[in-house]
Amino acid sequence: MARHLSTYVGLAHRGEQILVESLRQVAAGHPEDPDTVFVCRSLARQHEGGIERLRSVAERYGEEDVEEPERLHADALTKTRTGGVGLLRDLQDLYLLAALLQTTWTVLEQAAQGARDEDLLQLSTEALTQVGRTMSWLTTHLKVASPQILLVGP
């Protein structure tokens, strides 16, 4: 019945880890933007909670090692870019990672409903709420920062 859940549990686990690492990397790489530093660090801490809560699900269903989040991370965030345009591009990369997580958690939420697994359903719903917050902040920050950076910046 749950023979493929391990693939998505692995995607969620690695995706959360990569997003946490990438949020921290962007915070460290853009010290000139205090909002980015503060919020990225805060979001990283919030996503760490999801990683811990995944343990019981991984014990129940297993966890397949998957490469998709690392591939995105390797292509997108091996290091942060410099300057305002670099910040915009780094925020876009974070958004792509968050979007991968959003679809992963959506699939897990649907599977949890089908399996009538209340623990996985609650975890998936909470994770979707968190990744939604992250994506919302990224979108807002891109909207606020882009006119200044693209039209006025150095």
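Start by selecting R116: this residue comes right after helix α4 and has a positive phi, near 55°. (Helices here are DSSP runs of H or I with at least four residues, strands are runs of E with at least two, and both are numbered from the N terminus.) R116 is not a glycine, yet its phi is positive. Its place is the loop between α4 and α5. Is R116 buried or exposed? With 71% relative accessibility, R116 counts as exposed. (Exposed means over 50% relative accessible area, buried means under 20%, and partly exposed is in between, with a 1.4 Å probe and protein chains only.)

Before moving on, keep in mind that this is a predicted model, in which local features need pLDDT of at least 70, side-chain atom pairs count only at pLDDT 80 or more, and totals for chains, interfaces and linings use all residues. Residues are numbered from 1 along each chain as its sequence is written, and side-chain values use heavy atoms, with hydrogens and water left out.

Now step back to α4, residues 83–115. What is its span from first C-alpha to last? Its 33 residues reach 48 Å, close to the 48 Å expected at 1.5 Å a residue. (The expected span is 1.5 Å times one less than the number of residues.)

Next, go across the loop to α5 and pick Q130, which sits in that helix. Q130 is buried, at 10% relative accessible area. Leaving aside residues up to four places away in sequence, Q130 touches L43, Q46 and H47. (A contact means heavy atoms within 4.5 Å.) Show A98 too: Q130 and A98 are 32 residues apart in sequence, and their C-alphas are 9.9 Å apart.

Slide along α5 to L150. L150 is exposed, with a relative accessible area of 57%. Add V85, L151 and V152 to the selection, and with L150 you have a nonpolar surface patch of about 430 Å². (Patches take residues with over 30% relative accessible area and no salt bridge, joining like charges within 9 Å and nonpolar side chains, namely Val, Leu, Ile, Met, Phe, Trp and Tyr, within 5 Å; a salt bridge puts a side-chain nitrogen of Lys or Arg within 4 Å of a carboxyl oxygen of Asp or Glu.) Helix α5, residues 118–152, gives the most to this patch, with three residues.

Finally, zoom out. The chain has five helices and zero strands. Of its 154 residues, 46% count as buried. Among contacts with a separation of 6 or more, 79% come from residues 24 or more positions apart.

Definitions and conventions: Accessible areas come from the Shrake-Rupley method with a 1.4 Å probe; for residues, only the protein chains shown count as cover.
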